[in-house]
Amino acid sequence: MNIVVLAKQVPDPEALVEISAGGKKLEIEQKFATNLFDEFAIEEALRIREKHAGKVKVITLGGGKATEVIRTGIAMGADEALLLEDEAFLDGDGYATALALSRAAAKEPFDIILCGRQAIDHDRGEVGQMVAQFLGLPHVGNVVKLDIADGKAVAESAIEGGKEIVEVQLPAVFTAQKGLNEPRVPQIMGVMKAMKVQIPKATLGDLGLSPEEAGLKGSKVRIEKYLSPKKRPPMQLITGEPMQAAAEAIRILIDVERVI
Amino acid sequence: MDKVLIFVEAKGDEPRKASLELLSEGRKLAESGQYSVEAVFAGKLSDTLKEKILGYTERLVHFTDQVLEHYTAQGFSLALAAYAQETDAKMILAGATRIGRDFMPRLAVLLHTGIASDVTEARWLENPMTFVRPIYGGKVLAEVSFSTFPVIVTARPNSFGIEEPSLKKGEIVEKQTGVSAEQVTTKVVRIDESSQAKVDLTEADLIVVGGRGMKTAENFKLLEDLAEVIGATVGATRPVVDTKWRDQTDQVGKSGKTVSPKLYIGAGISGAIHHIMGMDTSKVILAINKDPNAIIFDYADYGIVGDLFEIIPAMTEELKKRLGK
Ligand SMILES: Cc1cc2nc3c(=O)[nH]c(=O)nc-3n(C[C@H](O)[C@H](O)[C@H](O)COP(=O)(O)OP(=O)(O)OC[C@H]3O[C@@H](n4cnc5c(N)ncnc54)[C@H](O)[C@@H]3O)c2cc1C
Ligand SMILES: Nc1ncnc2c1ncn2[C@@H]1O[C@H](COP(=O)(O)O)[C@@H](O)[C@H]1O
């Protein structure tokens, strides 16, 4: 089983994000974490390898701190890695990012691609499905259970109000949802290995891409500017004994806010 | 005139709310005289459902291929891509529901174009057309534009208003898109419906959410009772889901669902940023917590400091009185 995991380093959910340069830029506090959903993807890949043998390769696209996600992957137990680090790959939309990642994944034969349901920086939830389409493969989204047997996968996908059980022939793409597993904590040996590992890199040329097809230049959707969300007015405290406060709350919701 | 396609999704005989919102926006687009708007539906279409959609559109195109009877990402994206190419569509819209978010990115790749996912505002008639989507869990909004056509958008439920259906009904056209069974390589074995919630959290107008302050799974009955009176859907925080008091599908927040109701009532919730990220675009927020310093009060419109076990039942009683139930 050759398993590719697409994983991304993202700002920590608690990192401060501020708009600067009149809406043209974001200042993001330098605190990072592996994208939550990608940790489930890495863990699932390792579990599949433990059961069916094979290897796990973590691929990431990004500059600077992006190597951290690869080191996390190796520390957890991944066998190989690939970093798409070229400046030209950066700041892409879902389309450009998925195109580059699909080329990177397809450099060697694989059976499974695992990614996260969504990267919690830009909250797009697009790349997994797009990678699948670029490679002409099926995908199953929001996966909370995955069983592999006889070149096939049976996946449980979380849907509104329940689960959909889907059977699919490999190779295929799966996007991980919370509930799939509990990611392991890296062991000290893994961490040591991860610190020393030489991370192979790929450039645009290695993936057969031109500068017009990648990153910001290759994007079909562009960010024009950043805006602040609407601020709520200060909270109004509803006081009094429980009965009184409850009645007052209901009055406000019905008569003032008219939401009930 | 430029063609706009609106993908309509339904639950039984009811069009999904996100679809009705887009159909209502579509009417405005049609009225502008710049666009001709079509609703597109795939799968089984009952007469009741047909009537309901036709009140919102001049033309409903029904894809009748056998393979589209049940949803698959491959089937739906191929069908819509074929029809979009045939009609030279300039814009394709769908609700940012589970299904919309699942297959529309594939459609974008098939049509060599981009997608703006989960948008909350649209400036359809401006040049360039721009869309607003929350990023970083809603800490910031990004205004985006397209450099290619068609423009593909999924819209977060509860972002646009729903208008009254018009009396003038549109026409219906049946269409075979030519997608074949061989092109769909996933097979749905079965669907397990676990919760019978009438309305999904992401689409509900009214939501009542419980946190760890609820103390036990059984106590959620108090929230169920309140929800029952006003037809709300019950949600939960992550620790509540992790301790199995509630199902994963009920989780609101960063690693759960993003909700945007008219009213969010939160009880026994501290207001951790991971939770706030999933509910901050709610219109009215009422928080109940016994700790006056709970962070959730910083994000609420209204707050009650007190014991939820007293306040929630009192609210339920008061509602019954006010609503005559
Ligand atoms: C990567 C990551 C992702 C996460 N994703 C999510 C997510 O999607 N959704 C989510 O919700 N959380 C998420 N979390 C967890 C989040 O950080 C908080 O731990 C969680 O939201 C806290 O839940 P809570 O408010 O129910 O519990 P607590 O923080 O324990 O708060 C309980 C509150 O109840 C109040 N209370 C207790 N008894 C009563 C009473 N009788 N009456 C009134 N009030 C009472 C207390 O004062 C307290 O404020 C995530 C965390 C991480 C690290
Ligand atoms: N730059 C990237 N590098 C590696 N994987 C990525 C990258 N961007 C997105 N992905 C993968 O695609 C998933 C969905 O991302 P997105 O569509 O950006 O929300 C993520 O959870 C990752 O698994």
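Which backbone atom lies 2.7 Å from an oxygen atom of ligand 2? In this predicted model, a backbone N or O atom of A:Leu6 sits at that distance from a ligand 2 oxygen. A:Leu6 has company here: 18 residues surround ligand 2, and the nearest of them are A:Leu6, A:Asp38, A:Ala119, A:Gly125 and A:Glu126. A:Glu126 also offers a polar backbone atom, placed 2.7 Å from an oxygen atom of the ligand. A:Val127 does likewise, with a polar backbone atom 2.7 Å from an oxygen of ligand 2. As for how much of this ligand is left uncovered, ligand 2 on its own would expose 480 Å², and the protein buries 99% of that area.

Ligand 1 is set up in another way, as it lies between chains A and B. Its shell holds 27 residues, with B:Arg212, B:Thr237, B:Gln251, B:Ser255 and B:Ser270 coming closest. Sorted by type, that shell contains seven nonpolar, 13 polar and seven charged residues. Side chains of chain B supply several polar contacts. For B:Ser270, a side-chain N or O atom is 2.6 Å from an oxygen atom of ligand 1. B:His275 puts a polar side-chain atom 2.9 Å from a ligand oxygen, while the side chain of B:Asp307 has an N or O atom 2.9 Å from a nitrogen atom of ligand 1. Taken alone, ligand 1 has 990 Å² of accessible area, and the protein covers 80% of it. Three helices of chain B, α6 (238-242), α7 (273-276) and α8 (308-323), are the elements that give two or more residues to this shell.

Turning to chain A as a whole, its 260 residues are 53% buried. The chain has six helices and 15 strands, and its C-alpha trace spans about 65 × 45 × 40 Å along the principal axes. Links between distant parts of the sequence are plentiful: of the contacts in chain A that join residues at least 6 apart, 70% connect residues at least 24 apart. On the outside, chain A exposes about 11,500 Å², with carbon and sulfur atoms supplying 51% of that area.

One residue of chain A gives a local view. A:Asn142 belongs to strand β9, which runs over residues 139-149 of chain A. A:Asn142 has a relative accessible area of 17%, so it counts as buried, the cut-off being under 20%. Leaving aside residues up to four places away in sequence, A:Asn142 touches A:Arg117, A:Glu156, A:Ser157, A:Ala158, A:Thr175 and A:Gln177, and also B:Arg98 from the other chain.

In chain B, helix α1 covers residues 17-31. At 1.5 Å a residue, its 15 residues should span 21 Å, and the end C-alpha atoms are indeed 21 Å apart, so the two values agree. Of those 15 residues, 12 are buried, which means the helix is largely enclosed by the rest of the structure. Among the buried ones are B:Leu20, B:Leu22, B:Leu23 and B:Leu29, along with B:Lys17, B:Glu21, B:Glu25 and B:Arg27. What do the buried residues of α1(B) pack against? Their partners in chain B are the strands β1 (2-7), β3 (14-15), β4 (35-42), β6 (91-95) and β11 (151-155), plus helix α2 (47-54). Just after α1(B), B:Gly33 adopts a positive phi of about 80 degrees.

Methods. Residues numbered from 1 in each chain as written. Chains lettered and ligands numbered in written order. Heavy atoms only, no water. Helix = DSSP H or I, 4+ residues; strand = E, 2+ residues; numbered from the N terminus. Buried < 20%, exposed > 50% of the residue type's maximum accessible area, 1.4 Å probe, protein only. Contact = heavy atoms within 4.5 Å. Near = heavy atom within 4 Å. Polar contact = N/O pair within 3.5 Å; in protein donor to acceptor, adjacent residues only side chain to side chain. Areas by Shrake-Rupley, 256 points an atom, 1.4 Å probe, with all protein chains shown as cover. Nonpolar A, V, L, I, M, F, W, Y, C, P; charged D, E, K, R; others polar. Expected span 1.5 Å × (residues − 1).
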